[in-house]
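Student: I'm new to this one and would like a close look at a single part: the charged side chains and how they pair up. Could you walk me through that?

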Amino acid sequence: MADDDFLARSFEDNRAHLRAMAFRMLGSLSEAEDAVQESWLRLTRTDADTIDNLSGWLTTVVGRVCLDMLRSRKARDEQPLDVRPHDPSTPDGLDPEQEAVLADSVGLAMLVVLDKLTPAERLAFVLHDMFAVPFDEIAPMVGRTPEAARQLASRARRRVQGSDPESAPPLAQQRAIIDAFIAAARGGDFEALVRVLDPDVVLRADTGTGVPTILRGARRVATGAAAFRRTGAESRPVLINGSVAIAALLEGRVSSVLEATFVGDRIASIEVTADPARVKDIELTYLD
């Protein structure tokens, strides 16, 4: 009984996080509750002694349950009945932390955009961009390689930012924006960096050594870019997946890549990959 009580308490410790994650993936509080409850039922049918990381295990289970629900919804061409940025009739007992999470949630406009993504794109985007789940953990959920999962999140991010590949700036314009970014970073021109960034820009950096770093806002991202200059890496414009990006070279070898999405003449989001295992698998073409 003591073990069962401990398992129940551990699950409750994770419930707020799981509900917030499921809500963002499903856009429905009632369906999010169903997904979380299903994860509890699966936990009770599993030998807990075989689970090394309960939080990670529950995240994976909820992710897979949500993916199945999204695919079923798409197949039946259904929409959730209670989509809203924050449900005022939240269940009794919703703790303040969870209320804050949902109040700061994606919002109705974002939910509309997320509904246009494929289930796999939505899962990869929500788990990685909103909850910093590594692509190594996302990949098995969607039945893809980590690199393919990263592509799913990148494609979803472009759509969420309002810059589908079809509506992205021409390559010449992308090159001009990237050149301006490199020049400002190389010269330590903080204000020039801020000017080339969208005010709501988000930077995510994955070094493969822990939880990815996430910076939000032009001035914070510019500060991070300025600090990167002190590493001594040489920045080179490259082409990755049909978009202009940046490769950072140390002693002639690519140490990291910076992929951007664009809105108008500014950078709307930045994805930095510095995990050596992933960097070596990225196909790129030098532009000069």
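Tutor: Let's start with the term we need: a salt bridge here is a side-chain nitrogen of Lys or Arg within 4 Å of a carboxyl oxygen of Asp or Glu. Keep in mind that this is a predicted model. By that rule, D281 and K280 make a salt bridge through their side chains, at 3.5 Å from N to O. That distance counts because the cut-off is 4 Å. K280 is exposed, at 64% relative accessibility, while D281, with a relative accessible area of 46%, is partly exposed. Why doesn't D281 count as exposed? Its 46% falls short because exposed means over 50%.

That pair is one piece of the picture, as the structure holds 16 salt bridges. Some of them share partners, and in this way D129, R157, R204 and E271 are joined into one network.

One member of that network, R157, takes us to helix α8, where R157 is among the buried residues. This helix runs over residues 146–160, so you can find its 15 residues easily in the sequence. From first C-alpha to last, α8 reaches 21 Å, close to the 21 Å expected at 1.5 Å a residue. Its buried residues also include A149, L152, A153 and R150.

R150 is worth a stop. This arginine forms a salt bridge with E259, with the closest N and O atoms 2.3 Å apart. The two partners come from distant parts of the chain: R150 sits in helix α8 and E259 in strand β5 (residues 253–263), 109 residues apart. Both R150 and E259 are buried.

Now look at helix α2 (residues 29–44), which holds both R42 and E38. Their side chains meet in a salt bridge at 2.9 Å, N to O. The two residues are 4 apart, about one turn of the helix. Why does that spacing suit a pair? An α-helix has 3.6 residues a turn, so residues three or four places apart point the same way. As for exposure, R42 is partly exposed at 30% relative accessibility, and E38 is partly exposed too, at 24%.

While you're at α2, glance at W40, which pairs with F11 of helix α1 (residues 2–26), 29 residues apart. This is an aromatic pair rather than a salt bridge, and the count of such pairs comes to 1. The ring centres are 5.0 Å apart and the planes stand at 50 degrees, so the pair is tilted. F11 is buried at 1% relative accessible area, whereas W40 is partly exposed at 22%.

Notes
Residues numbered from 1 in each chain as written. Predicted model: local features only at pLDDT ≥ 70, side-chain atom pairs only at ≥ 80, totals over all residues. Heavy atoms only, no water. Expected span 1.5 Å × (residues − 1). Buried < 20%, exposed > 50% of the residue type's maximum accessible area, 1.4 Å probe, protein only. Phe/Tyr/Trp six-rings, centres within 6.5 Å; stacked < 30°, edge-to-face > 60°.
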